[in-house]
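Student: Please show me how to read a few local features in a model of this kind.

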Amino acid sequence: MSIDDQPRLVERVETVVSRVTPRQIELLFLTLLLIGVVYQVARGFGYPRLAGHFPVVVGVPTILMILYVFRDRFTVSDETTELDSEELQDRLLLAQGFAWVLLLFALVVGLGLTVGCTVFLVLYYRLKREFSWTRLAIYVGLFLVFVILVFQLVLQIPLYGGVFGIPQSIPV
Amino acid sequence: MSSTLELLASALVILFSWPNIGFAIAGVIIGLVFGAIPGLGSVISLSLLIPLSFGMEPTAAMILFGTAMGGGKFGGSITAILMNTPGTAGNVVSTFEGYPLSKKGRSEEAIGISATASALGALFGLVILLLLIPVAETIILAFGAPENFWIALIGIVAVGILGEGDIAKSLMIGGVALMLSFIGYSGVAGVYRYGVGTQYLWDGIQLIPVIIGLFAITESIRLTREASTIDQSDTDDHSTVWDGVVQVFKHPIVFFRSATIGTLVGLIPGLGGLIASFISYFQAVQSSSNPDAFGSGVVEGFIATEAANDSMDGGALLPTVTFGIPGSPVMAVLLGGFLFHGLSPGLALLTDDLDVLLMLVLALALSNVVSSTIGLLLGGKLANITRVPVDSIIPLILAVSVFGVFALRNSILDVFVAVLFGLVGYVLVAFDYSRITLVLGLILGPLIESAFHQSLQASGGSYLIFFTRPVSVGIIIAMAVIIGVAYNKMGQQDISMDQDPMDTEEA
């Protein structure tokens with residue numbers, strides 16, 4: 001089983017990644033930065049002098065620099081040519097990378113630290129690498145041994161149980 | 001001096017006796033493991049060891065602490081070299097040249113360089129420490145709040161100008177990073193700033209989740225896209241760790257200059273290994289005949305970072321033991337260890353308890369030698385990681401990073417921050433913004449602000465204090481030189497673009 005066995009999903013993702021251009025992403029990024037810094041400067045005026053003075057002193061030239069970079073990128077013409085298959089494949093790989101990271105976070109939040117990471121490893125190695133169950137068991141087993149040793153026994157950290165409060169400690 | 005030498009000799013005998021040598025070996029192993037795991041590092045290993053050392057003799061405790069510290073530095077270098085994932089904040093700069101060396105199939109050589117430069121750098125720093133103890137007070141008191149302000153500011157400007165990425169974009173990111181550093185409770189003003197209704201940001205944006213996000217997670221995303229293995233060289237003829245050892249001896253000037261910079265920077269409280277490595281690295285860039293090659297696996301650059309990062313401990317110990325002012329975060333925890341065992345920094349530590357201090361120095365020296373030896377012996381095996389398909393490594397890096405981040409404060413929100421900065425980090429890399437400037441701004445922002453306010457308080461509100469002290473003037477001149485270099489560099493970039501109008505840049 002692999003992601004490539006889901007043609008409709010792949011087609012949808014291809015449509016999205018081919019429409020979004022790098023320039024759009026960068027402009028969005030700069031816009032978010034600008035909003036954030038402007039907010040901080042505006043709030044800075046509302047704080048007592050000792051608290052707000054320095055953020056305003058730093059924030060104003062930062063806003064100017066963001067605007068400079070924004071203008072510089074805004075004047076660059078956007079890509080209009082069709083993506084070739086290599087570029088599309090490249091973007092799909094990138095989208096996959098982002099998706100795996102977000103999936104890991106979602107699993108940790110939902111299932112807890114140990115269970116979430118274990119499920120993540122199983123999904124990754126089965127879907128992406130198509131490991132055999134034996135090889136998968138070895139990798140996941142070694143990971144769990146490491147986690148138990150370092151985080152459970154040595155550091156004795158109360159591991160996050162996720163929104164469902166699933167027990168994470170493994171009886172040793 | 002002769003009594004110091006006698007104490008040193010007897011400390012050496014005690015160090016190699018049982019069970020002290022056992023503590024030393026345990027400390028090295030703990031340090032290596034904690035240093036290699038992103039998010040952990042010497043601060044956490046020491047924090048754990050201090051309560052565990054209850055009931056131990058102070059000398060035995062210092063052996064354990066010192067060896068854990070030494071092992072931690074080298075452990076962090078290993079992951080920085082092999083996976084572009086700095087194990088500790090101080091190893092961020094190790095990724096600049098160490099990881100590109102791995103991609104060229106020279107990971108064993110990089111480990112050899114790191115092991116050698118680190119061990120020798122640490123020894124250098126400790127020797128300087130011993131020699132500087134008589135003049136410690138004068139050196140440390142020469143750096144006040146105005147000097148700290150300029151040093152921190154020059155750090156951000158220098159990295160933004162001389163480091164990776166487009167200059168304007170990098171300086172912009174530096175400003176953004178400073179703004180991010182203002183989030184949280186301000187001790188100067190007694191105000192909780194930019195909390196957006198949550199108590200999570202009371203302590204500000206935590207550095208370690210940001211670093212893990214920007215490096216471990218971003219790198220994992222990059223690897224899914226860019227390579228089948230970290231080692232992208234075509235040849236089976238790989239250099240060995242011993243080639244790395246030889247490289248350090250082939251560049252004595254780079255080594256000694258960097259070790260000196262590291263030791264001196266370590267003397268300045270609050271700066272730490274990251275700044276020492278940065279300054280040393282950029283000095284290597286400036287003095288090179290081929291500065292444009294840096295970032296592609298240049299040996300001199302790597303020697304500079306490793307030597308400075310480890311020699312820094314010797315310098316950082318000085319304000320810690322002399323004044324009780326920790327020279328770095330690790331030293332702050334170590335200070336806690338001193339107090340835990342009834343040792344007070346200051347005159348007593350330099351006179352009545354000098355034997356304990358010397359034991360710590362020897363333990364640091366021993367740990368660096370031992371951990372480097374382990375690195376040299378195992379370097380070949382460790383380097384095989386770079387030849388494993390990255391698809392097999394990526395999920396493990398991600399999972400261990402998540403655990404490491406969570407372990408900091410038992411907070412899932414720290415994991416969220418790491419993931420967020422992991423995604424942002426990829427955007428930064430893709431569009432030629434400097435991740436390093438972002439990290440540096442976060443670290444130095446609080447220092448810059450507090451130094452700014454302290455200076456104004458000391459001068460009664462007069463800004464002249466920033467421009468009238470001799471050391472400050474020297475630092476300002478250095479900054480002017482760096483800006484001049486940048487102006488020249490930007491001009492050359494414009495000229496080359498004018499000459500090739502058909503060249504286009506890809507994101």
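**Reading local features**

Tutor: At 36% relative accessibility, Ile25(A) counts as partly exposed, because buried means under 20% relative accessible area, exposed over 50%, and partly exposed in between (1.4 Å probe, protein chains only). The model is predicted: local features need pLDDT of at least 70, side-chain atom pairs count only at pLDDT 80 or more, and totals for chains, interfaces and linings use all residues. Residues are numbered from 1 along each chain as its sequence is written, chains are lettered from A and ligands numbered from 1 in the order in which they are written, and side-chain values use heavy atoms, with hydrogens and water left out.

Student: In which helix does Ile25(A) lie?

Tutor: Helices are DSSP runs (H or I, at least four residues), as strands are (E, at least two), numbered from the N terminus. Ile25(A) lies in helix H2 of chain A.

Student: What do the buried residues of H2(A) pack against?

Tutor: Contact means heavy atoms within 4.5 Å. The partners are helix H3 (49–74) of chain A and, from chain B, helix H9 (167–181) and helix H19 (412–430). Among the buried residues of H2(A) are Leu30(A), Leu33(A) and Val37(A).

Student: How should backbone exceptions be read?

Tutor: Most residues other than glycine have a negative phi, and most peptide bonds are trans. Here the peptide bond from Trp18(B) to Pro19(B) is cis, with omega near 5°. Glu130(A), not a glycine, has a positive phi of about 55°.

Student: Is Glu130(A) buried or exposed?

Tutor: Glu130(A) is exposed, with a relative accessible area of 53%.
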